[in-house]
Each structure stands twice: as structure tokens, then as C-alpha cells.
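Please read the points that follow with the structure open beside you, and look up each residue as it is named.

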Amino acid sequence: MPTSTDTSNLEDLERCVLIGQRALTARNRLLVELADEGHTSASLYHRLNAVRAEEGAEPLSRDAIHVAIRRGREARSK
């Protein structure tokens, strides 16, 4: 039987998921803008992973950067 704390934790989790999705959408949008300005995927890869390393996050692959740019462009065209 779920308690009020369980329900609150589930609501917090749902908010985190939504925030994470919005953050990914914003990141993809920024990657597209930077790519459109002439930044190469290699330079974006190095800059993004430098920041991720400072935060202790795992690096993204070059493929992940390409996918993020593609998804950002698809979202922009809708």
C-alpha cells in the first residue's frame, strides 16, 4: 500500500524526468545552433565532454553528438 511519502517521491521522480527531457531538448537546440554557426562536431564533442568531465559525468560519444544534432534539427523543422 503506497504511503503519502511514496506518492510524493513518485511525483518528484516524474518532475525530474520532465526536467531531464527539457534539458536534453535545450541541449540539442544549442548544439544545432552551434553547428549552424560553423562549429564542427569534433569541437562540440571536446567542449561538451570537457564540461561533463568537470561535473564528473561520463563523456558522450561522437555518435551521441551527431544524434543530438539530428534530433535538434528534426525538432526545429516541426
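1. The glutamate at position 74 is a good place to begin, in a model that is predicted. Glu74 has a relative accessible area of 39%, and because the partly exposed class runs between under 20% for buried and over 50% for exposed, Glu74 counts as partly exposed. The side chain of Glu74 meets that of Arg70 in a salt bridge, with a distance of 3.5 Å from N to O. Both Arg70 and Glu74 lie in helix 3, where they are 4 residues apart, about one turn of the helix. Arg70, with a relative accessible area of 44%, is partly exposed as well.

2. A salt bridge within one helix can also be found in helix 1, between the side chains of Asp12 and Arg15, at 2.3 Å from N to O. Asp12 and Arg15 are 3 residues apart in helix 1 and are therefore separated by about one helical turn. As for their surroundings, Asp12 is partly exposed at a relative accessible area of 32%, and Arg15 is partly exposed at 46%.

3. Which residue forms a salt bridge with Asp36? The partner is Arg73, and the closest N and O atoms of the two are 2.9 Å apart. Since Asp36 lies in helix 1 and Arg73 in helix 3, this pair ties together parts that are 37 residues apart in sequence. Asp36 is partly exposed, with a relative accessible area of 43%, and Arg73 counts as partly exposed at 35% relative accessibility. Asp36 and Arg73 also belong, together with Arg76, to a network of salt bridges. The count of salt bridges comes to 4.

4. Is Asn28, a residue of helix 1, buried or exposed? Asn28 has a relative accessible area of 11%, and because this is under 20%, the residue counts as buried. Leaving aside residues up to four places away in sequence, Asn28 touches Ala68, Arg71 and Gly72.

5. Leu18 is likewise found in helix 1, but at 41% relative accessibility this residue counts as partly exposed. Leu18 and His66 are 48 residues apart in sequence, and their C-alpha atoms are 23 Å apart in space.

6. The packing of helix 2 (residues 41–54) against helix 3 (residues 62–77) deserves a careful look, with an angle of about 110° and axes that are 10 Å apart. Because angles of 65 to 115 degrees count as roughly perpendicular, helix 2 and helix 3 are described as roughly perpendicular to each other. On the side of helix 2, the contact is made by Ser41, Ala42, Leu44, Tyr45, His46 and Leu48, while helix 3 contributes Arg62, Ile65, His66 and Ile69. Sorted by class, the contact of helix 2 with helix 3 has 6 nonpolar, 3 polar and 1 charged residues.

7. A last point concerns confidence, which should be kept in mind when reading the points above. The mean pLDDT of the chain is 88, and 94% of its residues reach 70 or more. Within the chain, confidence is lowest in helix 1 (residues 4–36), at a mean of 87, and highest in helix 2, at 91. Where pLDDT is low, the predicted coordinates should not be read in detail.

How values were computed: Residues are numbered from 1 along each chain as its sequence is written. This is a predicted model: local features need pLDDT of at least 70, side-chain atom pairs count only at pLDDT 80 or more; totals for chains, interfaces and linings use all residues. Side-chain values use heavy atoms; hydrogens and water are left out. Axes are lines fitted to C-alpha atoms, for helices over the stretch in contact, and angles run from 0 to 180 degrees between N-to-C directions. Helices (H or I, at least four residues) and strands (E, at least two) are DSSP runs, numbered from the N terminus. Angles under 35 degrees count as roughly parallel, over 145 as roughly antiparallel, 65 to 115 as roughly perpendicular and the rest as oblique. Contact means heavy atoms within 4.5 Å. Ala, Val, Leu, Ile, Met, Phe, Trp, Tyr, Cys and Pro count as nonpolar, Asp, Glu, Lys and Arg as charged, and the others, Gly among them, as polar. pLDDT is the predictor's confidence in each residue, from 0 to 100. Buried means under 20% relative accessible area, exposed over 50%, partly exposed in between (1.4 Å probe, protein chains only).
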